[in-house]
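Please find below a colleague's note, written for a reader who is new to protein structures. It is best read with the structure open alongside.

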Amino acid sequence: MASARQWIEGDETAKQFLTRVLSERPFLPLPPPLHRIPLRAGNVVEIVGPSPSSKTRILIQAAINCILPKAWKGINYGGLERLVMFIDLDCRFDVLSLSQSLKQRIIKENGNDVGHKLNKVDDSPIGSKDVHAEYDEELFAVSMRRFLYIRCYDSFEFLATLKTMHFQLQKEKEAHGTGVYLLMIDSIGAFYWMDRASPSIPPGRINSILYINTYFGS
């Protein structure tokens, strides 16, 4: 009660207010290409666009900048060295694409030529005699372990994942020593039309809080 009275009776300038708010909830240092968005912890960003507009590619690039370390063996990678959790609802996420993009980024930061394409068979640069000389395998493995992948095949699996999310995040924090920095969902409306056509879901409860509470409890 005393703290509430102090808040009501408080008197501060705009500068003092902004200083206090920004120190309590500072902006998140987001990885590129999301670094221009002024976000704080708990904010949500929705990336929309037609099918071939590279929405998933944007998520992959942001994930790579998040899971890479800031520096490794004297080389600056500019990453955040934090965990990313990717929830795949479309069931079309290509882990190989993430792997190739991460390798290309490591090769680029090492100062090697990345203009060549990657071989689709052995995932090594065409014309390279030894792929091990092109990128740091230890760095690649450490970074990939920070990418947490979950695939859901229907709304019930997705809602069950959300229901146990707190436990899962706590488990990963204990295992890695740091919490999940970015939570990505691709795509949030994947099951909408399937749910609308399902006779087992009551009308008007699709994608609603009431729908979640009905099947999994509040």
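The numbered points that follow go from the overall fold to individual residues.

1. Nature of the model and its elements. The structure is a predicted model. The protein contains nine helices and five strands. Their order along the sequence is α-α-α-β-β-β-α-α-β-α-α-β-α-α.

2. Burial, surface and contacts. Of the 218 residues in the protein, 31% are buried. The exposed area of the protein is about 14100 Å², and 56% of it is supplied by carbon and sulfur atoms. Among contacts with a separation of 6 or more, 66% are between residues 24 or more positions apart.

3. The largest nonpolar core. Which residues have the most contacts inside the largest nonpolar core? They are Val84, Leu98, Leu102, Ile106, Phe147, Leu182 and Met184, and the core as a whole has 29 residues. Helix H3 (55–67), E3, H4, H5 and strand E5 (180–186) each give two or more residues to this core. The largest share, seven residues, comes from H3.

4. Phenylalanine 147 and a further core. Leaving aside residues up to four places away in sequence, phenylalanine 147 touches Ala63, Ile67, Val84, Phe86, Phe93 and Leu98. Another core, of nine residues, lies apart from the largest one; Leu83, Leu89, Cys152 and Met165 are among its members.

5. The largest pocket. About 1400 Å³ of space lies in the largest pocket. The lining has 42 residues, and Val45, Leu59, Leu183, Met184 and Ile185 are the closest to the centre of the pocket. H3, E3, helix H7 (165–176) and E5 each supply at least two lining residues. E5 gives the most, with seven residues. Met184 thus deserves attention on two counts: Met184 is listed among the residues with the most contacts inside the largest nonpolar core, and Met184 is also among the residues closest to the centre of the pocket.

6. Salt bridges in general. Side chains of opposite charge can pair when their charged atoms come close. How many salt bridges does the model contain? The count comes to six; three of these pairs are described in the next points.

7. Aspartate 136 and lysine 73. These two side chains meet in a salt bridge, at 3.3 Å from N to O. Aspartate 136 lies in the loop between helix H4 (95–109) and helix H5 (137–144), while lysine 73 lies in the loop between strand E1 (71–72) and strand E2 (75–76), so the pair ties together parts that are 63 residues apart in sequence. The partners sit in contrasting surroundings: aspartate 136 counts as buried, at 18% relative accessibility, whereas lysine 73 is exposed, with a relative accessible area of 60%. Lys73 and Asp136 also belong, with Glu138, to a network of salt bridges.

8. Glutamate 81 and arginine 146. A salt bridge joins glutamate 81 to arginine 146, and their closest N and O atoms are 3.4 Å apart. Glutamate 81 is in the loop between E2 and strand E3 (83–88) and arginine 146 is in the loop between H5 and strand E4 (147–151), so this pair ties together parts that are 65 residues apart in sequence. Is arginine 146 buried or exposed? At 11% relative accessibility, arginine 146 counts as buried, whereas glutamate 81, at 39%, counts as partly exposed. Glutamate 81 also has a positive phi of about 55°, although it is not a glycine.

9. Arginine 92, aspartate 90 and cysteine 91. The side chains of arginine 92 and aspartate 90 form a salt bridge at 3.8 Å, N to O. Arginine 92 is exposed, with a relative accessible area of 65%, and aspartate 90 counts as partly exposed at 25% relative accessibility. Cysteine 91 is found in the loop between E3 and H4. Although cysteine 91 is not a glycine, its phi is positive, at about 60°. Cysteine 91 counts as partly exposed, at 25% relative accessibility.

10. Threonine 161. In which helix is threonine 161 found? This residue is part of helix H6 (residues 155–163). The relative accessible area of threonine 161 is 14%, which means that the residue is buried. Threonine 161 touches Ile87, Ile150 and Cys152, not counting residues up to four places away in sequence.

11. A cis peptide bond. The peptide bond from aspartate 186 to serine 187 is cis, with omega near -10°. Serine 187 lies in the loop between E5 and helix H8 (192–197).

Conventions:
Residues are numbered from 1 along each chain as its sequence is written. This is a predicted model: local features need pLDDT of at least 70, side-chain atom pairs count only at pLDDT 80 or more; totals for chains, interfaces and linings use all residues. Side-chain values use heavy atoms; hydrogens and water are left out. A salt bridge is a side-chain nitrogen of Lys or Arg within 4 Å of a carboxyl oxygen of Asp or Glu. Helices (H or I, at least four residues) and strands (E, at least two) are DSSP runs, numbered from the N terminus. Buried means under 20% relative accessible area, exposed over 50%, partly exposed in between (1.4 Å probe, protein chains only). Contact means heavy atoms within 4.5 Å. Accessible areas come from the Shrake-Rupley method with a 1.4 Å probe; for residues, only the protein chains shown count as cover. A nonpolar core is a set of buried Ala, Val, Leu, Ile, Met, Phe, Trp, Tyr and Cys residues joined through side-chain atoms within 4.5 Å. On a 1 Å grid over the protein atoms alone, a cavity is a set of points where a 1.4 Å probe fits but cannot get out, and a pocket is an open set with protein on both sides within 12 Å along at least five of seven lines; lining residues have an atom within 4 Å of a point. Grid points are joined across faces, edges and corners, and a volume is the space filled by probe spheres set on the points.
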